[in-house]
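Here's a quick briefing to read with the model open beside you. It goes through the overall fold, the ligand site, the empty spaces and a few backbone oddities.

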Amino acid sequence: MSVPIPLELVDALRAARAVVVLTGAGISAESGIATFRDAMDGLWAKFDPSELATPEAFARDPAMVTRWYDERRLRCAKVRPNPGHQALAKLEQELAREHRSFMLITQNVDRLHQKAGSVNVVELHGSIWVWRCVTCGVEKEYRGGAFDSYPPACGCGGVLRPGVVWFGESLPAEAIRASEKALAACDLFFSVGTSSVVFPAADFIHAAQAAGARTVEVNLEPTPVSHLADWSIFGKAGEVLPFLVAEKAAKQGD
Ligand code: BJW
Ligand code: ZN
């Protein structure tokens, strides 16, 4: 691998009792899913994603917003987890065998971590596979093809919206509670493939540090939290994470 991994980081991973990993769109980029702040392709190129992911955009044009989400959902159905997702799933299995704790907190809505085999996953921003009726509140997971019409309709006559968290909306209370509990108890924290500009996730590195954890960032470029990390590794998650997990196993076999 071209990116050097500090030996001290491998040692820290070997010694950690409780690992928390926060992921963002960058970890799914190598699976072929555009990151949130990437320019959008094709038809959507003229839209700013941060303006589509709002309750205001949905209220203004529910057909357009739900079509955008459904195209993304159909794209997620076609792609596969990459070595970055797989390395985290493997790390979770290894740590479980070693009676150490692991939690994966993701801002992603694509469920690629679960597809790769990760189990202890907190979805901070919901899921693109879930749709919720704005009238009766029913939630359904939908894995079929494109909807017949946009916005999709609920049996009650109401409109279905994507089960994701938009700007200005509260995050699921249980996801926040579980994240805070894990952050307060962790001794090694990773921030992977996130621009660290969206809160509350951008604050998680502070919470981990307050708990005494050492912190690692894996990203292609510096972010607003890079200066806080004990180790900043600039490289692709799909290369750095498999290498790190393999090094941990190799050193443990010493
Ligand atoms: C790679 C790579 C490779 C690429 N390998 N790396 C405190 C201060 C200021 C504002 C606020 C605050 N608290 C709350 C707010 C308001 C707001 C907020 O944060 N605003 C900021 C813009 C300032 N937050 C909220 O509204 C949240 N709600 C909330 O806090 O409720 C209470 C409250 C409300 C209002 C005021 C105060 C309190 C809700 C946030 C919901 C975010 N929702 C979205 C959409 C989800 C559905 C969807 O997918 O459409 O979540 S927005 C979008 O951003 C999406 C992402 O999960 C999230 C984070 O993006 P992420 O994952 O970091 O992706 P990118 O694209 O930004 O970055 C990719 C990174 O990967 C880059 O750095 C690349 O370099 C890197 N990369 N390839 C490694 N191969
Ligand atoms: Zn309904």
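A cavity here is a set of grid points, taken over the protein atoms alone, where a 1.4 Å probe fits but cannot get out, and its volume is the space filled by probe spheres set on those points. By that yardstick, the largest cavity in this predicted model has a volume of about 30 Å³. Ligand 1 has 34 residues around it, and the protein buries 76% of the area that the ligand exposes when taken alone.

**Overall build**
- The secondary structure comes to 10 helices and 9 strands.
- The C-alpha trace spans about 60 × 35 × 30 Å along its principal axes.
- The radius of gyration is 19 Å, which agrees with the value near 18 Å that a compact globule of 254 residues would have.

**Around ligand 1**
- Arg37, Tyr69, Gly168, Ser195 and Asn219 come nearest, out of the 34 residues in the shell.
- Sorted by class, that shell is made of 16 nonpolar, 12 polar and 6 charged residues.
- Helix 2 (26–29) and helix 5 (62–78) each put at least two residues into the shell.
- Glycine 168 has a polar backbone atom 2.6 Å from an oxygen atom of ligand 1.
- Arginine 72 uses its side chain, with an N or O atom 2.7 Å from an oxygen atom of the ligand.
- Glycine 26 also offers a polar backbone atom, at 3.5 Å from a ligand oxygen atom.
- On its own, ligand 1 would expose 1,500 Å², and the protein buries 76% of that.

**The cavity**
- How many cavities of 30 Å³ or more does the structure hold? The count is 1.
- Its lining is made up of Leu13, Val21, Leu88, Leu91, Phe190, Leu241, Leu244 and Val245.
- By class, that's 8 nonpolar residues, with no polar and no charged ones.
- Helix 6 (83–97) and helix 10 (237–252) each supply at least two of the lining residues.
- Helix 10 has the largest share, with 3 residues.

**The second largest pocket**
- This pocket holds about 150 Å³ of space.
- Residues lining the pocket include Arg111, Glu123, Arg132 and Glu139, along with Gly126, Ser127, Val130 and Pro172.
- The run Gly163, Val164 and Val165 is part of the lining too.
- Strand 4 (126–133) and strand 6 (160–164) are the elements that give two or more residues to this lining.
- Strand 4 gives the most, with 4 residues.
- The class mix is 4 nonpolar, 3 polar and 4 charged residues.

**Backbone oddities**
- Where does the peptide bond from tyrosine 150 to proline 151, which is cis with omega near -5°, sit in the fold? Proline 151 lies in the loop between strand 5 (139–141) and strand 6.
- Another cis peptide bond joins phenylalanine 199 and proline 200, with omega about 5°.
- Proline 200 belongs to the loop between strand 7 (188–192) and helix 9 (204–210).
- Histidine 99 has a positive phi, near 60°, despite being a residue other than glycine.
- Look for histidine 99 in the loop between helix 6 and strand 2 (101–106).

Definitions and conventions
Residues numbered from 1 in each chain as written. Chains lettered and ligands numbered in written order. Predicted model: local features only at pLDDT ≥ 70, side-chain atom pairs only at ≥ 80, totals over all residues. Heavy atoms only, no water. Near = heavy atom within 4 Å. Polar contact = N/O pair within 3.5 Å; in protein donor to acceptor, adjacent residues only side chain to side chain. Areas by Shrake-Rupley, 256 points an atom, 1.4 Å probe, with all protein chains shown as cover. Nonpolar A, V, L, I, M, F, W, Y, C, P; charged D, E, K, R; others polar. 1 Å grid on protein atoms, 1.4 Å probe; cavity = no way out; pocket = protein on both sides within 12 Å on 5 of 7 lines; lining within 4 Å. Rg over C-alpha atoms; globule rule 2.2 N^0.38 Å.
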